[in-house]
Amino acid sequence: MTAKPPATPWTEDPILLTPGPLTTSPGTKGAMLHDWGSRDPAFIEMTARVCRRLLDLAGAGDAHAVVPIQGSGTFAVEAAIGTLVPRGGKALVLINGEYGRRIRHICEIIGRDHDALEWPEDTPPAPAEIAAKLEADGAISHVIAVHCETTSGILNPIPAIARAVAGAGRRLLVDAMSSFGALDLDCAAEPIDGVMASANKCLEGVPGIGFVVARRRALDAAAGNAPGLSLDLHDQWRAMEQSGQWRFTPPTHVVAGLDHALAEHEAEGGISGRGDRYRANCRALVGGMRALGFKTYLADDLQAPIIVTFHLPTDPSFDFEIFYGRLKDLGFIIYPGKLAAIPSFRIGCIGHITETEIKAAVAAVATVINEMGVKDCG
Ligand SMILES: *Cc1c(COP(=O)(O)O)cnc(C)c1O
């Protein structure tokens with residue numbers, strides 16, 4: 001005999017204080033309790049509605065298209081690079097964290113000519129250095145930047161980078177994975193040809209879809225660029241334009257979850273409403289953790305309200321495995337650090353959570369460091 005499942009099986013789930021996947025709303029979870037035929041008009045209409053809403057959020061109009069792609073966010077990044085940077089092009093990758101390094105790795109693997117400029121993980125890319133590099137190397141066709149570098153949580157200055165790239169007459173791709181929907185980014189601005197993001201970060205959907213907001217002119221010129229079939233953004237775009245259908249099995253439930261999550265996003269007041277809640281979460285987190293003696297990795301003026309990196313306490317009583325495990329027992333899942341040089345851990349501000357959950361998490365941190373006998377959290 002199988003037991004009847006509880007009506008809300010998720011009420012005991014820990015809160016996810018990570019860069020994603022995140023805690024989602026009951027409504028978004030509930031929207032996935034149906035099955036859809038992938039070639040049925042109801043699902044075709046749902047896909048179109050989702051793409052339209054994403055286009056609006058990007059501040060884009062008819063000159064742009066939203067092309068969704070099955071998979072995690074990296075699939076969308078790889079699809080955008082492979083499709084929008086032509087085979088004879090050259091990418092300049094701006095690196096100040098793991099996601100910039102991943103972009104360079106993608107260029108290596110798919111065989112796109114590339115170069116990189118690197119900064120320390122607590123330092124934003126410098127537009128003057130980018131301009132000088134573009135002046136020195138006329139072969140560079142595209143610059144690829146990360147908006148919020150989730151490795152540290154730093155906010156990179158896309159408008160200033162875009163001005164440097166436009167001044168040199170080159171094109172720009174932006175990985176806005178961890179900021180799309182919460183922080184303003186004018187995706188239609190010149191010279192941006194593509195903005196890559198996914199369902200399961202600030203949009204508060206579930207994982208399984210990445211998407212690219214792409215300039216139609218760039219998509220149009222991109223036939224035959226992609227090194228493979230599944231991540232060919234041009235082909236996916238053409239198929240969707242013609243039939244409204246995904247080329248291959250779509251993540252139907254993920255689309256339904258995102259459709260609902262986007263309605264909730266709109267009801268919250270769009271990007272400014274969502275951003276305000278995350279900014280309040282971030283203030284409560286940083287203030288609460290500092291009151292316990294923890295030190296943030298970034299200066300406040302560089303910190304995006306997405307995820308906060310803290311130095312690991314040097315107190316010998318502190319043990320990250322125990323810290324993580326006890327916080328999970330108390331209902332909160334945090335995230336290890338990913339900085340190249342410095343021992344750290346991260347706590348996210350995003351997902352279907354408010355200051356109430358953040359304050360409860362900080363109280364749990366206080367409980368656990370007391371249990372461990374940590375005297376100094378710096
Ligand atoms: C999350 C994230 C990605 C994509 O990661 P996936 O694990 O593939 O979803 C890419 N870039 C940034 C900046 C991110 O935060």
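What follows is a walk through a predicted model, taking in a few loops, two pairs of helices and the cysteines.

Let's begin close to the N terminus, with the loop that runs between strand 1 (15-16) and helix 1 (26-30), where Gly20 has its place. Pro21 lies in that loop too, and the peptide bond joining Gly20 and Pro21 is cis, with omega at about 0°. Is Gly20 buried or exposed? With a relative accessible area of 17%, Gly20 is buried, given that the cut-off for buried is under 20%. Gly20 also has a partner from far along the chain: Gly351 is 331 residues away in sequence, yet the two C-alpha atoms are separated by 8.0 Å.

Next up is helix 3, which covers residues 73-84. From the C-alpha at its start to the one at its end, this twelve-residue helix reaches 16 Å, close to the 16 Å you'd expect at 1.5 Å a residue. How many of the twelve residues of helix 3 are buried? Nine of them are, so helix 3 is largely enclosed by the rest of the structure. If you want to pick them out in your viewer, the buried residues include Gly73, Ala76, Val77, Ala79 and Ala80, and the run from Ile81 through Gly82 and Thr83 to Leu84 is buried as well.

Part of the surroundings of helix 3 is helix 4 (residues 98-110), with which it is in contact. Two packed helices are described by the angle between their axes and the distance between the axes. For helix 3 and helix 4, the axes come within 10 Å and cross at roughly 55°. An angle like that falls outside the parallel, antiparallel and perpendicular ranges, and the two helices are therefore oblique to each other. Their crossing is right-handed. On the helix 3 side, the contact is made by Thr74, Val77, Glu78, Ile81 and Gly82; on the helix 4 side, by Arg102, Ile103, Ile106, Cys107 and Ile110. Of these, Val77, Ile81 and Gly82 are among the buried residues of helix 3.

Cys107 brings us to the cysteines. This residue is buried, at a relative accessible area of 0%. A disulfide is a covalent bond between the sulfur atoms of two cysteines, and a search of the whole structure turns up zero of them. Why does Cys148 have no such bond? The closest cysteine sulfur, in Cys202, is 7.9 Å from the sulfur of Cys148, which is too far for a bond; the cut-off for a disulfide is 2.5 Å. Cys148 counts as buried too, at 2% relative accessibility.

Two more loops have backbone details to look at. Pro191 lies in the loop between strand 8 (171-175) and strand 9 (192-198), and a cis peptide bond joins it to Glu190, with omega about 0°. Past strand 9, in the loop leading to strand 10 (209-215), you'll find Glu204. Its phi is near 60°, a positive value in a residue other than glycine. Glu204 is also buried, with a relative accessible area of 3%.

The last stop is another helix pair: helix 9 (residues 252-267) and helix 10 (residues 270-291), whose axes come within 7 Å and cross at roughly 85°. That makes helix 9 roughly perpendicular to helix 10. The contact involves Glu264, His265 and Glu266 in helix 9, which meet Gly270, Ile271 and Arg274 in helix 10.

Conventions. Residues are numbered from 1 along each chain as its sequence is written. This is a predicted model: local features need pLDDT of at least 70, side-chain atom pairs count only at pLDDT 80 or more; totals for chains, interfaces and linings use all residues. Side-chain values use heavy atoms; hydrogens and water are left out. Buried means under 20% relative accessible area, exposed over 50%, partly exposed in between (1.4 Å probe, protein chains only). Helices (H or I, at least four residues) and strands (E, at least two) are DSSP runs, numbered from the N terminus. The expected span of a helix is 1.5 Å times one less than its number of residues. Axes are lines fitted to C-alpha atoms, for helices over the stretch in contact, and angles run from 0 to 180 degrees between N-to-C directions. Angles under 35 degrees count as roughly parallel, over 145 as roughly antiparallel, 65 to 115 as roughly perpendicular and the rest as oblique. A crossing is left-handed if the near helix is turned anticlockwise from the far one by less than a right angle, and right-handed if clockwise. Contact means heavy atoms within 4.5 Å.
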